[in-house]
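Reader: I have some time to go through a model with you. Could we take it one question at a time?

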Amino acid sequence: MLKTFVRRVVLPKVYVQDVARPLNTVSSKSWNLQKTAVPPVCSPCARKTVLTWNIRQYSMNNDSSDEQQSATGDTFTSKNESNSHKNSDQAEGTTDQKDNTQDEFHADNADDTVDIKTKILDNALDFVHEYKWSRKAISSGAEAAGLAGVSEGIFEGGGEDLVLHFVRQSNIRLQHFMKESVKRQDEEGEKMKSSEFIRKAIEFRLRLIVPYMDNWSDAMGVLLRPNVLPKSAEELAMMVDDIWFYAGDKSSDFSWYTKRGMLAKLYGSTQLFMLMDQSPDFKDTWEFLDRRLDDIKNIAEISQSISTTGDAMFQAAFSSATILKNILGFPDRKR
Amino acid sequence: MFLLNRGKAIVLSCASISQASYYTTAKRLDENYTHFGYKTVKTEEKAGRVLDVFSSVASKYDMMNDVMSGGLHRLWKDRMIQKLNPDNKAVLLDCAGGTGDIAFRFVNYVERQHSQFTDHPNVTVCDINNDILEVGKSRALERGVSLNWVCSNAEELPFPDQSFTCYTIAFGIRNCTNISKVLQEAYRVLRPGGRFVCLEFSHVSNPILSKIYDTYSFQVIPVMGEVIAGDWNSYQYLVESIRKFPAADEFKQMISNVGFKVVAYEPLTFGTCAIHSGFRLK
């Protein structure tokens, strides 16, 4: 029973190469192909990320009406713009495909209160200085939006929902900025290096935090709470994926994961540095970012050189044996 | 053991006598007739009958609540106000809140959470029954709290549109003749952003506990009512009206149908009661 379950349900999920084999095989009757396993690309991750890519591509492609959004790094876009960003991402599109993907993605916001929720939270961000990331801030935001203060009960997580909203909003703004940047590059014909692009993207994203810098450590603490951590990790993963996508990453091997992991770590460490930074216009933070990017470049070069050196050293150590082997006429089977 | 059996026999015979008398009327359920516990009565009569029930229980209402629920009703009401989480600008309308339990809790909550508020929290207590309101007024006098007391039917509130930010009704909505009308009135008097919170008895989901709960409800509560308050029938009506009230999901649907958004319910004490909540967002 257990063996059948394992063979039929668990194992087929592993990505495999199918090799045809005769049917009258001694092995399991339910399997008439011999499976040779190859190292799996984590299929749930790949599926979800592809889905995410598709959704975000759709959201990018379908809000062509927002071309006039400003995309420079130092502007802090107004509330109205951010509202329309959110609405265009979550509004029910005209095409059927967009409807499906949007519904899947925003399953919990599929009701008609999304606009009101966004309005309340956008207004609540103004009160974060006074009341920090709390229900009181949301209820003041609701009052500012023209609703009764008790409507903050809509948000079951309270302050956590406010922080998540801000993070999502910032990520959407980053998306638009990167899209604009890529468009400008295409028009002008000059291609930015990916490290340069990443640096610009991270700087833009971190500058969005600057207005809330006094309370940002609280917000980071909120994002690490066990009930919030899955959502905040997802947001980080999607943001990092976006940055690499717009930077032009087309990898389809394991480096896909290492690139995103490294960028997430880079973003996290720069964010932490920025919390403590007192220099004018966060000059030290940008220098820190540059140093980290240089480190990453160096590591890549060093690891490459290590592998070639190791190869060379191995060959040098066995050079006499190799020469002897060739003289005696034993061919190298591998080539 | 003999005494216990005698006691059981007495209780069961009382129960069967009272139940026998309740099945004399014909059961017709159209617009003109509605349920009053397990009885069927004319719709226009129900309000009057409810009035009589609560007039007779008014004096011992609070004490009976404590006895029947073992003091749990205090926790349920605390949870209700905690869920509502009013701010210092909240204006409360407490329907069927005769003795003022919810109103006093609301005032305490606002005073404790928000030490600076613009005025004294504005609370209006509304009930169909004047006797219970009198009990509430005397309690308010004892505590030195000033509230507004209004005697009216929850189906036709004498307040202008959009005049409150919180509407609560605790253990009262099952006594109303037309629940949808009450909900519509609640929607009408709430401001946009206002919250409707209803604490009401519900159906126990666990079958074993449900059996125990039924036994307790039908065999113990009316007896307690008779012994302590001298009124078997009112407490019989009470436990029957709980059974007649729609289940939590159905009630949630009724609230949504009227126009409230983000409607949810929280069952308490294994489903003995539930707090339903909805928002008027437009």
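Reader: Leaving aside its neighbours within four places in sequence, which residues is Thr165(B) in contact with?

Author: Happy to start there, with the reminder that this is a predicted model. Thr165(B) sits in strand E6 (residues 164-170) of chain B. Leaving aside neighbours within four places in sequence, its contacts in chain B are Lys89(B), Ala90(B), Val91(B), Leu190(B), Arg191(B), Gly194(B) and Arg195(B). From chain A, the residues in contact with Thr165(B) are Ala148(A) and Val150(A).

Reader: Is Thr165(B) buried or exposed?

Author: The cut-off for buried is under 20% relative accessible area. Thr165(B) has a relative accessible area of 3%, so this threonine counts as buried.

Reader: Which residue has its backbone nitrogen 2.8 Å from a polar atom of the Thr165(B) side chain?

Author: The partner is among the residues in contact with Thr165(B). The backbone nitrogen at 2.8 Å from that side-chain polar atom belongs to Val91(B).

Reader: Let's move to the interface. Which residues of chain A lose the most area to chain B?

Author: The contact takes 16 residues from chain A and 19 residues from chain B. About 1300 Å² is buried between the two chains, with carbon and sulfur atoms giving 60% of that area. On the chain A side, 36% of what is buried comes together from the residues that lose the most area: Ala148(A), Val150(A) and Ile154(A).

Reader: How many residue pairs are in polar contact across the interface of chain A and chain B?

Author: Salt bridges do not add to the picture here, as zero are found across this interface. For polar contacts, both of the pairs found are at pLDDT 80 or more, and the number of residue pairs is two.

Reader: Which helix gives the largest share of the side of chain A that touches chain B?

Author: That side of chain A divides into five nonpolar, six polar and five charged residues. Its largest share, four residues, comes from helix H7 (residues 135-144) of chain A.

Reader: Now for salt bridges. How far apart in the chain are Arg199(A) and Asp290(A)?

Author: Their side chains meet in a salt bridge at 2.6 Å, N to O. Arg199(A) is buried at a relative accessible area of 17%, while Asp290(A) is partly exposed at 30%. The pair links helix H9 (residues 194-207) with helix H13 (residues 283-317), both of chain A, and the two residues are 91 residues apart.

Reader: And in chain B, which elements do Glu266(B) and Arg79(B) link?

Author: The side chains of these two meet in a salt bridge at 2.9 Å, N to O. Glu266(B) has 18% relative accessibility and therefore counts as buried, whereas Arg79(B) at 27% counts as partly exposed. The residues are 187 residues apart, and the elements linked are strand E8 (residues 261-268) and helix H4 (residues 72-84) of chain B.

Reader: Which residue forms a salt bridge with Asp214(B)?

Author: Asp214(B) is partly exposed, with a relative accessible area of 30%. It lies in helix H8 (residues 207-229) of chain B, and its partner lies 29 residues away in helix H9 (residues 232-244) of chain B. The closest N and O atoms are 2.8 Å apart, and the partner is Arg243(B).

Reader: To finish, which residues do salt bridges that share partners join into one network?

Author: Over all chains the count comes to 29 salt bridges. Those that share partners join these residues of chain B into one network: Asp62(B), Lys77(B), Asp78(B), Asp101(B), Arg105(B) and Arg139(B).

Key: Residues numbered from 1 in each chain as written. Chains lettered and ligands numbered in written order. Predicted model: local features only at pLDDT ≥ 70, side-chain atom pairs only at ≥ 80, totals over all residues. Heavy atoms only, no water. Contact = heavy atoms within 4.5 Å. Buried area = accessible area lost by both parts, 1.4 Å probe. Salt bridge = Lys/Arg side-chain N within 4 Å of Asp/Glu carboxyl O. Polar contact = N/O pair within 3.5 Å; in protein donor to acceptor, adjacent residues only side chain to side chain. Nonpolar A, V, L, I, M, F, W, Y, C, P; charged D, E, K, R; others polar. Buried < 20%, exposed > 50% of the residue type's maximum accessible area, 1.4 Å probe, protein only.
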